[in-house]
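Here is a friendly walk through one protein model, written to be read with the structure open beside you. Let us begin with its open spaces and then look at the packing and a few single residues.

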Amino acid sequence: MGLSHSEVTFICEDSWGFMWFCTKNGLNRFDGTSFVKYFHDPSNSNSLPSSTIHNMEEDEHKNFWIATNNGLAYFNPFT
């Protein structure tokens, strides 16, 4: 399966070589073979604050900061 939405707002590659696609309906990680998709889940307080993703950056500690319609999200890929 492909991206969660056809409108991509930002693309980046992280320090492990994964490609990340910010879309109007979720955050998509591509490993060269398949996608993992992340969405807002109202029943999970640890999910993204919105599924509309505008941008993301990886900091010096390899954590991600994700800009959504409903604010900034912190994502630790190790946990």
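The largest pocket of this predicted model holds about 260 Å³ of space. Closest to its centre are N46, S47, L48, Y74 and F75, which belong to a lining of 13 residues. Strand β7, covering residues 71-75, gives the most to that lining, with three residues. Sorted by class, the lining has ten nonpolar and three polar residues, and no charged ones.

Next comes the packing inside the protein. Ten residues make up the largest nonpolar core: C12, W20, C22, L27, L48, I53, M56, F64, I66 and A73. Three strands each supply at least two residues of this core, namely β2 (19-23), β5 (53-58) and β6 (64-68). L48 is worth finding on your screen, as this leucine is a member of the core and is also among the residues closest to the centre of the largest pocket.

W20 is a good place to look at the contacts of a core residue. Setting aside residues up to four places away in sequence, W20 touches F10, I11, C12, D14, L27, N28, R29, Y38, M56, F64 and F75. Among these partners, C12, L27, M56 and F64 are fellow members of the core. F75, another partner of W20, is one of the residues closest to the centre of the largest pocket.

Two of the core residues are cysteines, C12 and C22. Are they bonded to each other or too far apart for a bond? The sulfur of C12 has its closest cysteine sulfur in C22, at 6.2 Å, and this is too far for a bond because a disulfide needs the two sulfurs within 2.5 Å. Seen from C22, the closest cysteine sulfur is that of C12, again at 6.2 Å. The structure as a whole holds zero disulfides. Both cysteines count as buried because their relative accessible areas, 18% for C12 and 0% for C22, fall under 20%.

The table below sets these two cysteines beside three other residues.

| Residue | Relative accessible area | Class |
|---|---|---|
| C22 | 0% | buried |
| S51 | 15% | buried |
| C12 | 18% | buried |
| K62 | 34% | partly exposed |
| S6 | 74% | exposed |

The loops offer a few residues to visit. S51 sits in the loop between β4 (35-38) and β5. Its contacts, leaving out neighbours within four places in sequence, are T23, K24, N25, G26, F39 and H40. One of these partners, T23, is in strand β2 (19-23).

K62 is in the loop between β5 and β6. What is the phi of K62? Its phi is near 70°, a positive value in a residue other than glycine. K62 is partly exposed because its relative accessibility of 34% lies between the 20% and 50% cut-offs.

N69 is found in the loop between β6 and β7. Which residues does N69 contact, apart from its neighbours within four places in sequence? They are S50, T52 and H54. The C-alpha atoms of N69 and I53 are separated by 6.8 Å, with their positions 16 residues apart along the chain.

Finally, S6 lies in the segment before β1 (8-13). This serine is exposed because its relative accessible area of 74% is over 50%. From C-alpha to C-alpha, S6 and C22 are 10 Å apart in space, and they are 16 residues apart in sequence.

Methods: Residues are numbered from 1 along each chain as its sequence is written. This is a predicted model: local features need pLDDT of at least 70, side-chain atom pairs count only at pLDDT 80 or more; totals for chains, interfaces and linings use all residues. Side-chain values use heavy atoms; hydrogens and water are left out. A nonpolar core is a set of buried Ala, Val, Leu, Ile, Met, Phe, Trp, Tyr and Cys residues joined through side-chain atoms within 4.5 Å. Buried means under 20% relative accessible area, exposed over 50%, partly exposed in between (1.4 Å probe, protein chains only). Helices (H or I, at least four residues) and strands (E, at least two) are DSSP runs, numbered from the N terminus. Contact means heavy atoms within 4.5 Å. On a 1 Å grid over the protein atoms alone, a cavity is a set of points where a 1.4 Å probe fits but cannot get out, and a pocket is an open set with protein on both sides within 12 Å along at least five of seven lines; lining residues have an atom within 4 Å of a point. Grid points are joined across faces, edges and corners, and a volume is the space filled by probe spheres set on the points. Ala, Val, Leu, Ile, Met, Phe, Trp, Tyr, Cys and Pro count as nonpolar, Asp, Glu, Lys and Arg as charged, and the others, Gly among them, as polar.
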